Each structure stands twice: as C-alpha cells, then as structure tokens.
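Hi,

Here is the structure I said I'd pass on to you. Have a look at it first, and then read on for what turned up in it.

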Amino acid sequence: MSFDLNYTRNIGIMAHIDAGKTTTTERILFYTGITHRMGEVHDGSAQMDWMVQEQERGITITSAATTTFWTYNNQKYKINIIDTPGHVDFTVEVERSLRVLDGAVAVFCAVGGVEPQSETVWRQADKYKVPRIAFVNKMDRVGADFFGVVKQIKDKLGANPLPMQIPIGSEDNFIGVIDLIERKAIVWKEDETLGIKYQYEPVPEDLVELTEEWREKLIEAVCESDDELLERFFENREAITVEEFLSATRKAVINRTIVPVFCGAAFKNKGIQRLLDGICGLLPSPIDIGAVKGKNPHNDHETEREPDSNAPLSALAFKIATDPFVGRLVFLRVYSGYLQSGMLVLNPRTGNKSRISRLYQMHANKQNPREKIEAGDICAAVGLKNLFTGDTLCDIRKPIYLESMTFPEPVIGVAIEPKTQADIDKLGIALNKLAEEDPTFRVKSDEETGQTIISGMGELHLEILIDRLRREFKIDCTQGIPQVSYKEAITTTVMHRELFKKQTGGKGKYADITVILSPADDGRHGLQFIDEIRGGRIPKEYIPSVEKGFREAMRNGVLAGFQVDNLKVILKDGDYHPVDSDSLSFEIAARHAFRHAAKKSKSILLEPVMSVEVVTPEEYMGDIIADFNRRRGQVEGMESKAGGRVIRAKVPLSEQFGYVTALRTLSSGRATSTMEFYQYEEVPPDVLKQVIEKIQGTKAFA
C-alpha cells in the first residue's frame with residue numbers, strides 16, 4: 001500500500017553524546033505503539049542500541065533505522081527515524097544519515113547545553129541543508145536551564161531558535177510545558193501510565209508574564225518570515241488563526257530561517273508527544289524538499305527526479321551492514337520511482353546491473369520483509385554486490401548519478417595480527433567486511449614490517465572494531481601501540497627530469513619525463529595531475545601510467561614514509577623509444593621522479609590536531625592549562641559554566657593518548673573532557689626530529 005508522501009517524515013535524531021538521543025527515540029517508539037515496553041540505555045535494553053558493544057557501554061555506535069506512525073490533527077503520519085551516535089569517533093554515521101534525511105531533531109542536554117559534538121552535527125546538517133527542530137532534554141536534571149540553552153543555540157550555532165514551549169518548573173519541579181501558541185499548560189502526572197496521559201490546564205499565574213513575553217517573540221519572528229502575514233499582523237494581530245501561524249512556521253523551518261525549540265525530560269516520560277506533534281506539523285515531507293538533483297552519467301548534464309513513484313528510479317546507498325542471517329544489507333533512500341523484489345537496477349558508478357533479491361523495512365536490527373518500496377521511503381536491500389556507501393541505484397534506461405558523500409580521513413592506526421595461523425585468511429575476509437560497512441575504517445599492510453595496520457577515527461573506534469572481530473568473526477588478535485596517522489606534504493616547487501633506462505638483452509625499458517612538482521591548489525587533497533604534453537612527445541596511452549606512478553608513489557613520503565596529503569604534478573615534456581617504451585616504463589619513471597624530486601623539495605610532516613574541551617571546577621584550572629602547555633597545546637578560550645569553567649584548546653593527537661586518565665589525576669576525578677578532530681597542521685620544526693624518532697621507535701616496538 002502506498003502512503004501519501006505529504007504525510008511522510010524522514011528524520012534523524014542527532015546530538016552530543018549523553019544528551020538523550022536514544023532515550024528520546026525509545027519513548028517515541030513507545031508512545032507511537034511500536035514497542036510495548038520502554039527500553040533503557042542504562043540497563044542495556046534499548047531497542048535501537050542492539051549491538052552487544054552498545055548495550056555494554058551505554059552508547060550508540062551504529063545508526064539504527066525504524067518506521068513508526070503518529071496521528072496529528074486527525075491525520076496519520078508515517079515517520080522513518082534514524083537514531084545516530086553522539087560519540088565523535090562515529091561521526092560518519094551521522095554524516096551519512098543526514099545526507100538522506102529530510103529533517104532532523106537536534107537534542108540538547110538542559111544542563112550541558114551546546115557541547116562540542118552538538119556543534120559538529122549542526123555543521124553537518126548545515127552542509128546537507130537539513131531543516132531541524134530542537135528538543136531541550138533532561139529538564140529534570142539538577143542545573144537544567146532551558147533559556148540558557150536557547151541562548152547557546154543562538155550564540156554558538158548562529159541559529160535562530162524560537163521556543164514553541166516554555167517549561168513549567170525545572171529539576172525536581174519540572175512537571176510540564178506551556179504551549180505558547182495556544183496559551184495552555186500541559187502537565188504530565190508521574191503515575192503508572194508512563195506519561196501516556198497528560199492534561200491541559202490554565203497557565204500558572206506566576207508564568208503568565210513570561211508566557212506573553214516569549215509568545216510575542218515567537219509571533220513576531222514567524223511573521224517576519226512571511227510578508228503577507230506580517231501585513232495582517234500589523235492590521236489586526238488577533239485575525240491570524242493558529243492554522244495559518246503554524247503553516248507560516250513550517251515554511252520558515254523548511255527554509256531554515258528558524259529553529260523551533262521544544263523541551264521535556266525523555267527519561268521521565270515528559271514532552272515526547274508534543275515533540276511528535278512538532279515533527280509532523282513542522283518538519284518537511286519529501287514533497288516539500290522537492291526534486292533531487294543529479295547528473296546524467298552519459299553527458300554530465302544536470303538532471304532532476306521528482307519525489308514521485310511514477311518517475312524513473314533513483315536511490316542512494318547510505319550504509320552497508322552485514323547481518324549474520326540475511327547477509328549483506330544495503331540501506332537505501334528511494335528518491336523517485338520504486339524498488340521491487342526481483343527488479344534489475346543499474347549502478348552508474350560501475351555500469352553494473354544487479355537484481356534485488358529481497359527488500360526490508362528495518363526496525364533496528366530486525367527486518368520486516370516488503371515486496372515494494374516507493375519514493376520517499378527508507379529501506380534495506382539484499383542481493384546488491386559491488387555497491388558501496390554513496391553509490392546511486394537507478395533505472396537502467398534513464399540513468400542518474402546522485403552526489404556522493406565525503407568522509408573524513410582516519411587519524412589513528414594500530415598494528416594487529418591474529419593469535420593463530422588458522423585465523424590469517426579469516427582476518428582478511430573479516431576486515432574487508434568491516435571496511436565495506438565503515439568508510440572511515442582503513443586497512444593497509446606496512447611495507448617495512450609486513451604487519452596489518454587498521455586505521456580509524458579514534459581509540460574507541462578501533463577498540464570497538466577489534467571487539468567485533470572477536471565476537472562476530474571469532475578472531476582473537478594481538479594489537480600494538482596506537483599510532484597517529486601522520487601525513488607529509490611538499491612546500492616548494494621543483495622541476496625535475498627523470499630518465500629511466502634498463503637494458504637486459506632483448507627488449508629493454510625506456511621512459512623520459514620532465515615534471516614540475518608543487519603543493520596542490522588551495523583546499524585540494526590527493527594528486528592534482530596536469531598533462532601539458534604537446535606534439536606527441538609522449539604517446540597518449542602512456543600518460544595515465546605517469547599519473548598512476550605518482551599516485552602510487554604518494555603513499556610513501558620521503559620524510560618518514562607517510563602518505564603525501566596533496567601534490568600538483570605538471571607533465572611538461574618527455575621522450576619515448578618506439579621499441580623499449582611501454583606503460584610500465586613510464587609508471588616506474590614517475591615513481592622514481594617523485595622520490596628524487598621530493599627530496600629536493602622541502603618536505604614537511606603534518607599531524608592531526610584535535611579540538612579539546614574540558615569542563616572542570618575552578619580550582620583545577622591552572623594545573624589543566626599547564627598540562628595543555630606540556631602537550632604542545634594552545635588554549636583558545638575559557639568561559640564559565642554552571643558550577644565550573646570550560647577550557648577550549650587545540651592539541652596534537654600524538655600528545656593526547658591516555659589523556660582521560662591524566663585528567664582524572666589532575667582533577668581528582670571531577671573534570672570531564674571531549675575531543676574531536678580539527679585539522680591537519682605542520683609539526684613545528686623544533687619538535688620534528690623528536691617526533692620522527694618517536695614514530696620510528698613506535699614502529700620498531702609494534
């Protein structure tokens with residue numbers, strides 16, 4: 001049965017770690033009737049945290065999808081929800097979810113406010129132009145400050161937050177919310193109904209003035225976004241109906257000019273029903289978002305697909321998962337057309353056609369079989385080989401290539417080897433499966449030591465992956481010391497001629513190239529290759545081999561053997577031999593040219609620098625700042641926060657191993673820290689020698 005797309009919502013729940021995303025999602029599932037028992041994160045019973053590692057640690061690691069229904073204004077709405085992780089090591093899960101969603105709920109802790117990962121997920125939502133509403137959770141916690149969080153959303157995120165509700169009380173006295181539009185108090189009683197029942201009451205007398213003040217701000221801000229409404233507002237402010245006002249609010253949300261703010265306490269079962277009303281009433285449907293843009297792979301012309309089941313198929317693969325029972329699951333967002341079991345579809349990246357064997361609607365790790373999935377929906381498919389995260393699926397006769405996704409580079413690596421000889425082959429297969437699932441997880445073989453190096457976004461990321469190897473694939477591994485993923489770069493321009501000649505009796509090898517090596521243009525990573533050969537000095541068929549040679553050579557820089565971050569190569573001139581020249585000769589010449597030219601150019605080492613935030617009681621501030629200085633850190637700012645101070649700093653990742661333990665010692669266990677990747681920066685010349693010695697020592701030890 002097809003569902004009216006006007007009443008479909010594809011949303012994500014996003015936030016900093018411990019803001020209460022999963023608890024909020026669990027309550028949504030309970031109140032919409034999908035589950036009959038509330039799952040709790042703290043006791044490992046949350047439906048959406050289905051992985052053993054999630055249940056043990058009480059954190060979300062992988063984004064989980066589910067579908068539910070909610071009735072709002074006597075209309076049934078279908079809500080596809082993706083619950084995303086909050087830990088910075090799993091930020092890729094948020095990135096790829098936001099790429100395919102129409103709207104998002106940003107959850108903020110009423111005590112913590114806008115925390116570092118809140119800023120990261122907000123930037124990701126900005127990148128993909130996702131309209132969002134905010135939910136200030138944990139209003140029952142000591143130190144809860146609703147208006148303080150609203151101010152932080154405005155100041156730190158540069159958003160335009162507009163409370164649709166204000167809380168009645170806070171901390172232990174938080175009993176409900178006031179609906180600013182309808183001027184009604186909504187109160188939840190703490191009883192055995194688990195928050196299902198709530199009642200409407202008049203606004204408490206002591207809150208009437210505050211209600212009117214915030215109601216005025218809300219009405220003015222919404223009217224400012226709609227010229228016609230603003231005109232009528234000045235003529236007769238009482239003539240605007242609630243329906244008209246909500247319609248104008250919805251338009252402003254979809255245009256991303258305002259962010260409506262709701263509040264509640266998910267753990268205490270308060271505020272979730274009104275949040276569901278907000279999701280249905282204010283967030284966009286696939287039709288509001290409109291046609292998806294892509295390119296025709298045949299001619300690179302821009303083309304569009306309307307969110308319509310009768311249009312040609314276009315879908316984006318945003319996640320790969322391996323299920324022990326059904327095998328390789330590809331999560332898809334269908335933008336146009338429909339998918340059906342047994343259908344033949346095209347992957348325009350590879351040109352391969354695949355047949356969909358089965359389709360599922362997901363509920364966390366449970367699959368509900370479906371025969372057909374239509375435009376605007378999210379599903380998982382089985383039977384699609386050689387399809388990776390970011391790939392498009394489309395109609396064979398009318399191909400389209402949707403914009404893919406970009407993922408951050410791993411910043412930390414560790415050497416692993418299986419404990420038994422029998423596990424060596426199994427390890428390769430298992431690592432390939434994990435790398436398919438996670439685009440920020442990389443596997444490579446160290447040429448010097450012959451060891452397998454796995455790289456990821458942080459210590460926790462790698463810890464989880466090694467744990468999965470042990471539990472899911474039954475492979476026990478020994479591991480070395482974590483190593484930072486450094487990069488290299490050149491800083492000067494060098495012109496170099498490389499003549500490669502080899503005579504071994506019979507056909508020899510010959511290639512002659514002249515190249516200019518320099519740093520890549522601003523903002524570019526990887527190889528920027530420019531062919532300026534004229535007059536057939538080098539035959540066209542050999543040019544790709546030169547490019548390939550440089551690309552391969554960039555994997556090992558001349559300074560310390562790390563990957564070169566960016567390089568611009570201009571192929572200016574060259575020569576060839578009609579008999580001895582071949583593709584391999586030019587590839588080898590390019591590799592040699594890189595080694596020789598890079599030594600003449602000034603090479604630098606780049607290291608990942610982390611953005612660190614520490615929340616600490618005042619008395620430990622001096623010790624913590626002194627410790628940052630010892631770690632080559634730069635303190636960038638300090639501010640007061642309820643009961644303590646917040647210190648923000650940029651610190652090289654290599655200096656941050658074991659920091660949580662050190663911080664506990666410095667602050668008698670009272671300070672907390674969060675850390676996320678900021679950018680790659682040059683290792684200062686005064687510490688370069690000792691950093692390289694340290695790297696070589698770690699490699700030898702590993």
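Before the details, one cut-off you'll need: a residue is called buried under 20% relative accessible area and exposed over 50%, with partly exposed in between. Also keep in mind that this is a predicted model.

Let's begin with the aromatic rings. The structure holds 13 aromatic pairs, and I'll walk you through two of them. In general, a pair like this is described by how far apart the ring centres are and by the angle of the planes.

One of the pairs is Y198 with Y200, and the arrangement is edge-to-face: 6.1 Å from centre to centre, with 75° between the planes. Are these two buried or exposed? Neither, as it happens: Y198 has 29% relative accessibility, so Y198 counts as partly exposed. Y200 is at 43%, so Y200 counts as partly exposed too.

Then there's F628 with Y659. Their ring centres are 5.8 Å apart and their planes sit at 20°, so this pair is stacked. F628 belongs to helix α15 (residues 621-630) and Y659 to helix α16 (residues 659-667), so the pair ties together parts that are 31 residues apart in sequence. As for accessibility, F628 comes out at 0% and therefore counts as buried. Y659, at 4%, counts as buried as well.

A few other ring features to click on while you're there:

- Y7, Y72 and Y77 make up one aromatic cluster.
- K217 lies over the face of W214, 4.0 Å from the ring centre.
- K487 lies over the face of Y680, 4.7 Å from the ring centre.

Now for a pocket. The second largest one has about 860 Å³ of space in it. Its lining is made of 30 residues, and K444, R555, G561, F562 and Q563 are the ones that lie nearest the centre. Which elements give two or more residues to that lining? They are the strands β26 (442-445), β27 (452-456) and β29 (483-484), together with the helices α13 (543-553) and α14 (583-600). The largest share comes from β26, with four residues.

What is the lining of this second largest pocket like by class? There are 12 charged residues, 10 polar ones and eight nonpolar ones.

If you want somewhere to start, try the stacked pair F628 and Y659, then move over to K444, one of the residues nearest the centre of the second largest pocket.

Cheers

Definitions and conventions: Residues are numbered from 1 along each chain as its sequence is written. This is a predicted model: local features need pLDDT of at least 70, side-chain atom pairs count only at pLDDT 80 or more; totals for chains, interfaces and linings use all residues. Side-chain values use heavy atoms; hydrogens and water are left out. On a 1 Å grid over the protein atoms alone, a cavity is a set of points where a 1.4 Å probe fits but cannot get out, and a pocket is an open set with protein on both sides within 12 Å along at least five of seven lines; lining residues have an atom within 4 Å of a point. Grid points are joined across faces, edges and corners, and a volume is the space filled by probe spheres set on the points. Ala, Val, Leu, Ile, Met, Phe, Trp, Tyr, Cys and Pro count as nonpolar, Asp, Glu, Lys and Arg as charged, and the others, Gly among them, as polar. Rings of Phe, Tyr and Trp (its six-membered ring) pair if their centres lie within 6.5 Å; planes under 30 degrees apart count as stacked, over 60 as edge-to-face and the rest as tilted. Buried means under 20% relative accessible area, exposed over 50%, partly exposed in between (1.4 Å probe, protein chains only). A charge sits over a ring if NZ of Lys or CZ of Arg is within 6 Å of the ring centre and within 35 degrees of the ring normal.
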